[in-house]
Every structure is written in structure tokens, then in C-alpha cells.
Amino acid sequence: MNKIIIVLFLFICNVTLAQSLNITSKQLSEKEIDSVFTTNVKDKLQINFPIYRIYQFNDKIGTHFIVMTENETECEELDKCFKTLKGYCFLLKNDDFKLKWTFKDYILPDTYEYTISHWTKYFKIDDYNKDGVVDPIVVYGTKGMNDNDDGRIKILIYYKGEKIAVRHQNGVHDNERNTQVDKKFYTLPLEIQAQVKTIIENIEENNHGIFPAGWEQAMKNKETKFDEN
């Protein structure tokens with residue numbers, strides 16, 4: 001009986017390892033982007049904004065492409081500013097691109113926001129719970145009158161076809177900062193939750209945002225809204 005249990009355990013471990021070894025990813029070069037996403041392909045897929053970056057990843061489902069685009073606008077604060085961004089995830093199957101998910105955001109009207117951009121420094125492609133399927137984590141943010149200090153941050157987790165978000169409003173003053181966490185975030189595998197918390201820690205360490213004091217305990221308590229008040 002013990003032998004059977006050991007053999008079964010080793011089999012499960014080998015399957016898990018094989019699945020995780022099948023995960024590969026890379027950022028496409030400009031040459032690769034022009035080769036794969038030709039003008040005709042972009043028109044067919046309705047990719048209307050200029051492409052910022054494209055990432056390719058492979059898991060047990062197949063070959064995927066995450067396309068990040070940004071629409072430029074004029075501003076005095078930076079050499080380049082963007083008023084809108086959009087992201088897509090396509091599955092390539094039988095030489096055809098199938099849209100898996102998309103997101104879009106923009107600088108808010110009647111605010112001091114002047115640009116929005118993809119924060120690829122925190123973008124993650126990985127199979128956190130080792131089920132052979134990649135769970136992308138996308139991060140982007142805005143800048144306002146006080147740069148990152150009063151912009152917004154969004155962390156988007158794509159898991160089993162669902163988009164789950166952490167939304168944060170920065171602020172110069174303590175009472176201006178608040179964070180909202182989708183309730184379903186706390187149903188995600190613990191490995192994914194841990195990665196998101198690491199991203200938040202890195203954002204703070206790099207002075208790209210300040211989350212409300214005690215946010216770690218708030219997330220441990222599975223709170224969906226927390227601030228400095």
C-alpha cells in the first residue's frame with residue numbers, strides 16, 4: 001500500500017513538473033511584432049492604438065500574445081503623454097487569433113491626471129499555482145499634478161477567464177489614499193495573492209505609490225475597501 005502511495009505521489013509530482021516546464025514567455029522584438037502583427041492583422045483584430053509592447057507566452061492551452069497599446073496626447077509635463085491605453089490577450093490557434101480578454105482605461109476628465117501608461121516593470125507572466133496555465137498580472141497607472149503621488153494604480157489579475165482587480169488612488173495627504181479589492185481576489189490561489197502583495201510592496205519601495213497604512217493586515221482580513229481614515 002505504501003509503495004502505491006509513493007508511486008502515485010511521484011507521478012503527480014512529475015505531471016506538475018512537466019506542466020510547469022512547458023511554460024515559456026518572451027517580449028517580442030520590433031521585427032517580430034512587424035512580422036506577426038502586420039497591418040492587415042491589426043486591422044482585422046481592431047488594434048487601433050500604436051503598439052507599445054507585445055509579450056508571447058506558451059502554456060498547456062497554447063500560444064498567447066498580450067498586446068499593449070497606448071494612444072498619445074499632448075502635454076506640457078513630459079515628452080510623451082498618453083490619454084488612453086488598451087490591452088489584449090489573443091490565443092493563436094490554427095493560424096487564427098482568438099481574443100481571450102481585453103481591457104481599456106484613460107485619464108479621467110476634469111482631474112489633474114495628464115498621462116496613463118503600462119507599468120511593465122511590474123507585469124508578470126507565470127504559472128503561480130503550477131496547473132500548467134499562465135495567470136497574467138497586468139499593472140498600469142496614471143500621473144497627476146504631483147506625479148505618481150496623486151495618480152491611480154490598477155493591478156489586473158486574469159485567472160480562468162475572469163478579470164479580478166485591485167484599484168488604488170494615491171494622494172499627497174493621508175486621507176486622499178484609498179484601495180479597493182475585488183471580493184473574488186480572496187478566492188484566488190494563495191500563490192497569486194502572494195504575488196500581488198509582492199507587487200504592492202515593490203511599488204511602494206520604488207516610490208510609485210503609497211498604499212494605506214496597515215494594508216497588509218487589511219488584506220489578511222479580506223477587506224475590500226481600506227484607507228487612512
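Contact here means heavy atoms within 4.5 Å; keep that in mind for the stops below.

**Before you start**

This is a predicted model, in which local features need pLDDT of at least 70 and side-chain atom pairs count only at pLDDT 80 or more, while totals for chains, interfaces and linings use all residues. Residues are numbered from 1 along each chain as its sequence is written, and side-chain values use heavy atoms, with hydrogens and water left out.

**The whole chain**

Select everything and switch to cartoon. You should find 5 helices and 11 strands, where helices (H or I, at least four residues) and strands (E, at least two) are DSSP runs, numbered from the N terminus. Along the principal axes, the C-alpha atoms fill a box of roughly 70 × 50 × 25 Å.

Now colour by accessibility. Of the 229 residues, 43% count as buried (buried is under 20% relative accessible area, exposed is over 50%, partly exposed is in between, with a 1.4 Å probe and protein chains only). The accessible surface comes to about 13,300 Å², with 49% of that belonging to carbon and sulfur atoms; the areas come from the Shrake-Rupley method with a 1.4 Å probe, and for residues only the protein chains shown count as cover.

Try a charge colouring next. The mean positions of the 30 positive and 35 negative charges are 9 Å apart. Lys and Arg count as positive and Asp and Glu as negative, with His and the chain ends not counted; each charge is placed at NZ of Lys, CZ of Arg, CG of Asp or CD of Glu. As for the contact map, take pairs at least 6 apart in sequence: 49% of those contacts join residues at least 24 apart.

**Stop 1: strands E1 to E5**

Select residues 24-27 (E1) and 51-58 (E2): they run antiparallel and are joined by 4 bridges. Two strands pair if DSSP finds at least two bridges between them. Label Thr-24 and you'll see Asn-58 of E2 standing opposite.

Add E3. E2 and E3 pair in the antiparallel sense over 7 bridges, and Ile-54 has Val-67 of E3 as its bridge partner. Their hairpin has 4 residues between the strands, and Gly-62 there takes a positive phi near 150°.

Keep Val-67 selected while you bring in E4, because Tyr-88 of E4 is also a bridge partner of Val-67. E3 (63-73) and E4 (81-93) are antiparallel too, over 11 bridges. While the sticks are on, recall that in a regular strand the side chains alternate between the two faces of the sheet.

Finish with E5 (96-106), which runs antiparallel to E4 and is joined to E4 by 10 bridges. Leu-92 stands opposite Phe-97 in E5. The E4-E5 hairpin has 2 residues between its strands, and Asn-94 in the turn has a positive phi of about 55°.

**Stop 2: the cysteines**

Show the sulfur atoms. How many disulfides are there? The count comes to 1, a disulfide being a pair of cysteine sulfur atoms within 2.5 Å. Cys-75 is joined to Cys-81, S to S 1.8 Å. The torsion about their S-S bond is about 60°, so the disulfide is right-handed. Cys-75 is partly exposed at 23% relative accessible area, whereas Cys-81 is buried at 0%. Click on Cys-89 as well: buried, at 2%.

**Stop 3: the loop between E6 and E7**

Go to the stretch between E6 (115-118) and E7 (137-143), where Asp-131 sits. Is Asp-131 buried or exposed? Asp-131 is buried, with a relative accessible area of 19%. Draw a C-alpha distance from Asp-131 to Asp-59: 9.6 Å in space, against 72 residues in sequence.

Lys-130 is found in this loop as well. Lys-130 is not a glycine, yet has a positive phi of about 55°, and counts as partly exposed at 41%.

**Stop 4: Asp-147**

Move to the loop between E7 and E8 (152-159) and pick Asp-147. Here is another non-glycine with a positive phi, about 60°. Asp-147 is partly exposed, at 32% relative accessibility.

**Stop 5: Glu-176**

Last, head for the loop between E9 (162-169) and E10 (178-181), which holds Glu-176. Glu-176 is partly exposed, at 35%. Which residues does Glu-176 contact, leaving aside neighbours within four places in sequence? They are Gln-169, Asn-170 and Gly-171. For a distance check, Thr-111 is 65 residues from Glu-176 in sequence and 14 Å away in space, C-alpha to C-alpha.
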